[in-house]
Amino acid sequence: MRCLVTGATGYIGGRLAPRLLEAGHEVRCLTRSATRLRDVPWARYAEVVEGDLLAAESLTDVFAGVDVAYYLVHSLGTPDFEDRDRRAARAFAEAAAAAGVRRIVYLGGPAVTGDSAASAHLRSRSEVATVLASTGVPTVTLRAAIILGSGSASFEMLRYLTERLPVMVTPRWVGNRIQPIAVRDVLHYLTGWATVPDEVSRSFDIGGPDILTYAEMMRRYARVAQLPPRVILPVRTLSPWLSSQWVGLVTPVPGAIAKPLVESLIHEAVRHDHDIADYVPDPPGGLKGFDEAVRLALAKIRDADVETRWSTAEWTRAPADPLPTDPDWSGGTAYVDRRERPVQASSGSLWRVVTGIGGETGWYSFPLAWSVRGWLDRALGGVGLRRGRRDPEELFVGEALDFWRVEEIEPGRLLRLRAEMLLPGRAWLEMAVDGDGPDSVYRQRAIFLPRGLSGHLYWRAISPFHAVIFGGMARNIASTAERADHPD
């Protein structure tokens, strides 16, 4: 089958596309920027096309020849996500109908049945399912609650809350029943629907074999992770908003994403049927239980083998414009901090240090200053510094790296990062390597394009610290590479 995958740069889509390819299907990936899939190994076997679901005119040829179209996108994290998702789903469905697509497959959330108190997130997920089916294209909606897998936002919330808080004062929703499902079982079902022959148009609940409360999930996670037993003290006074602020403080998931996820947990999410097995049989060996799903996820994290993370998707509140070329912005105001250092180490050693930056390694200068900047960003509603990195050695264009996004990689020569922290302007950090012999040169450039008076004041306020932060960064990167080449 020829399958169209939207959201291929996201958590689920980035895992589904290679599995469809492995199953022998042709895969076309729709993305706003093809560059974001440039470095992903499986993408060379897929067709990558550019388009925007919020710009219907860009979809004219995207659906041509497509048999099955997967809708795996959402605008979670933006203030108007309900309207954006509604418009995107309508454009997708209309384009699929016009092209004669055989089936739409959509991964949604737990069912909402006329509950006016339902969270905006769940209402939107339900509305998207209705919109996708509205043009007459047979639409299969898979309704999942918490997805357990390395790098998923729900799993990261569970993991960090449990690992960091041996004693927890929790809201009353931790007593609600939930039926989580392992990400590999979700992918099994999604892949299976590519070849179901029947003309099916309905929703299916999917969930693993265990029904647990969130409190039970935290206790069982602690046991699987070999942590001391957790003490959980539910109280009635913690609202979903306060809970989401707490989640944003303790976990890497920013408040703008944590809030709708937490609000969704105030509803029980239990599978009401298992009809999906009539069309897509369960995987060999059966569905993974909670403990096994957690063990598999932790093994992936331990082995640095995380395929995708929730942060792979663009942070919707951050500027997405690439660094303008010099002629375009040189006539305006651009603040630049340049550093250059000769390095008594090979360019290869220096490059390995550059591409290993961030995450557990840190930023090679004044860790407290970087931490304070991350805390401030989180307090203002940004992503903060705790997103880390997907892999300790490997970087792809488009990946999140703490509060940066990888914008460009020229192997062995240039790494450019675009800032996604909240700023009164746009910012980039470039790290470049020159040299072919035993010695090399490290060049570093921090660029800031201010927005209004606040942007100019911001740069002037932090300029006195640049010698410590950026200067120290250049020195320490150089000395780390030198130690690697000359350990004695």
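Me: Why is the sulfur of Cys-3 too far for a bond with the closest cysteine sulfur, in Cys-29?
Reply: A disulfide is a pair of cysteine sulfur atoms within 2.5 Å, and because the sulfur of Cys-3 lies 10 Å from that of Cys-29, its closest cysteine sulfur, the two are too far apart for a bond. Cys-29 is likewise in no disulfide, the nearest cysteine sulfur being that of Cys-3, and by this rule the count comes to zero disulfides. This is a predicted model, in which local features need pLDDT of at least 70 and side-chain atom pairs count only at pLDDT 80 or more, while totals for chains, interfaces and linings use all residues. Residues are numbered from 1 along each chain as its sequence is written, and side-chain values use heavy atoms, with hydrogens and water left out.

Me: What makes Cys-29 count as buried?
Reply: Buried means under 20% relative accessible area, exposed over 50%, and partly exposed in between (1.4 Å probe, protein chains only); Cys-29 has 0% relative accessibility and therefore counts as buried. Cys-3, with a relative accessible area of 0%, is buried too.

Me: Why is Gln-226 called exposed?
Reply: Gln-226 is called exposed because its relative accessibility is 74%, set against the cut-off of over 50%. Gln-226 also has a positive phi of about 60° although it is not a glycine. Most residues other than glycine have a negative phi.

Me: How do you know that Ala-304 is buried, exposed or partly exposed?
Reply: Ala-304 has a relative accessible area of 26%, so it is partly exposed. Its phi is near 55°, a positive value in a residue other than glycine.
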